[in-house]
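Please open the model in a viewer and keep the selection panel at hand. The stops below are arranged so that each selection prepares the next.

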Amino acid sequence: MAASDEELTALVVATRNSAAFGELVRRHQTLVRAMLQRMCRNHALADDLAQDTFVRAFEKIGSFKGTGSFKSWLCSIAYTEFLKSARKRKSADRLLEQYQQGAEESEAPRDMGNVVDLDRALATLEDEERVAVVMCYSCGMSHSEAAEATGMPLGTVKSHVNRGRAKLQAFFTEAEVTVR
């Protein structure tokens with residue numbers, strides 16, 4: 001029988017066992033990478049942030065108290081890494097966005113057929129809405145786990161998820177009408 005996340009964490013804390021930590025990384029790297037890719041909409045940056053997340057998790061593993069799930073604790077670190085990166089890149093992103101908007105305006109509209117791009121839909125959400133939606137739907141976290149991971153109040157997470165879901169539904173409805 002495989003060891004639980006909590007057992008592996010205890011082993012890492014007690015002995016700094018790299019194999020045990022490697023198993024934790026193997027179990028959760030897909031979730032962390034997917035969450036970060038949806039949040040930052042940049043695969044290379046998401047991979048860098050995922051790596052930073054696991055380095056930081058190894059450094060801080062002694063602070064995991066086991067009161068919540070290891071997944072929530074790890075996603076909290078990933079979210080913090082995302083926020084730190086976003087703060088550092090804020091002005092560069094504004095310039096890039098202006099450039100992309102200019103390029104999009106000069107391109108002819110494309111027929112997307114029946115394919116709807118989820119990343120484009122997520123890009124229409126406010127940052128907090130996108131984070132809440134990604135954590136709850138893409139990562140399978142409960143509202144409570146997402147609240148714990150982000151440090152947002154539970155009601156705020158629920159509101160962001162509801163608003164985000166409504167905006168996504170509107171986006172998909174509009175895309176469907178446009179395709180017809």
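The tour goes from the whole chain to helix pairs, then to the core and to single residues.

**Before selecting**

This is a predicted model, in which local features need pLDDT of at least 70 and side-chain atom pairs count only at pLDDT 80 or more, while totals for chains, interfaces and linings use all residues. Residues are numbered from 1 along each chain as its sequence is written, and side-chain values use heavy atoms, with hydrogens and water left out.

**Stop 1: the whole chain**

Display the protein chain as a cartoon and colour it by secondary structure: there are 8 helices and 0 strands. The elements are DSSP runs numbered from the N terminus, with helices being H or I of at least four residues and strands E of at least two. Of the 180 residues in the chain, 33% are buried; buried means under 20% relative accessible area, exposed over 50% and partly exposed in between, with a 1.4 Å probe and protein chains only. Contact means heavy atoms within 4.5 Å. Among contacts between residues at least 6 apart in sequence, 64% join residues at least 24 apart.

**Stop 2: α1 against α2**

Select α1 (5-15) and α2 (residues 18-40). The two helices pack at an angle of about 145 degrees, with their axes 8 Å apart. Here axes are lines fitted to C-alpha atoms, for helices over the stretch in contact, and angles run from 0 to 180 degrees between N-to-C directions. The crossing of α1 and α2 is left-handed; the term applies if the near helix is turned anticlockwise from the far one by less than a right angle, and right-handed applies if it is turned clockwise. Show side chains for Asp 5, Leu 8, Thr 9, Leu 11 and Val 12 of α1, and for Ala 20, Phe 21, Glu 23, Leu 24, Arg 27 and His 28 of α2, which make the contact. By class, this contact has 6 nonpolar, 2 polar and 3 charged residues. Ala, Val, Leu, Ile, Met, Phe, Trp, Tyr, Cys and Pro count as nonpolar, Asp, Glu, Lys and Arg as charged, and the others, Gly among them, as polar.

Next, select Arg 16 in the loop between α1 and α2. Its phi is near 55 degrees, a positive value in a residue other than glycine. Arg 16 is partly exposed, with a relative accessible area of 42%.

**Stop 3: α2 against α3**

Keep α2 and add α3 (43-60). These helices pack at an angle of about 140 degrees, with their axes 8 Å apart, which makes α2 oblique to α3. Angles under 35 degrees count as roughly parallel, over 145 as roughly antiparallel, 65 to 115 as roughly perpendicular and the rest as oblique. The crossing of α2 and α3 is right-handed. Among the residues that meet are Phe 21, Val 32 and Leu 36 in α2 and Leu 45, Leu 49 and Phe 54 in α3.

In the loop between α2 and α3, select Arg 41. Although Arg 41 is not a glycine, its phi is positive, at about 55 degrees.

**Stop 4: α2 against α6**

Replace α3 with α6 (residues 127-138); α2 and α6 pack at an angle of about 150 degrees, with their axes 9 Å apart. That makes α2 roughly antiparallel to α6. The contact is made by Met 35, Arg 38 and Met 39 of α2 and Arg 130, Val 131, Val 134, Met 135 and Ser 138 of α6. Those residues divide into 5 nonpolar, 1 polar and 2 charged.

**Stop 5: the core**

Which residues have the most contacts inside the largest nonpolar core? Select Phe 21, Met 35, Leu 36, Met 135 and Val 157; the core has 46 residues. A nonpolar core is a set of buried Ala, Val, Leu, Ile, Met, Phe, Trp, Tyr and Cys residues joined through side-chain atoms within 4.5 Å. α2 gives the most to this core, with 10 residues. Centre the view on Met 35: leaving aside neighbours within four places in sequence, Met 35 is in contact with Cys 75, Ala 78, Tyr 79, Val 134, Met 135 and Cys 139.

**Stop 6: two further residues**

Select Ser 85 in helix α4 (residues 70-106). Ser 85 counts as buried, at 10% relative accessibility. Leaving aside neighbours within four places in sequence, Ser 85 is in contact with Leu 45 and Leu 49.

Finish at Asn 162 in helix α8. The C-alpha atoms of Asn 162 and Ala 132 are separated by 9.3 Å, with these positions 30 residues apart along the chain.
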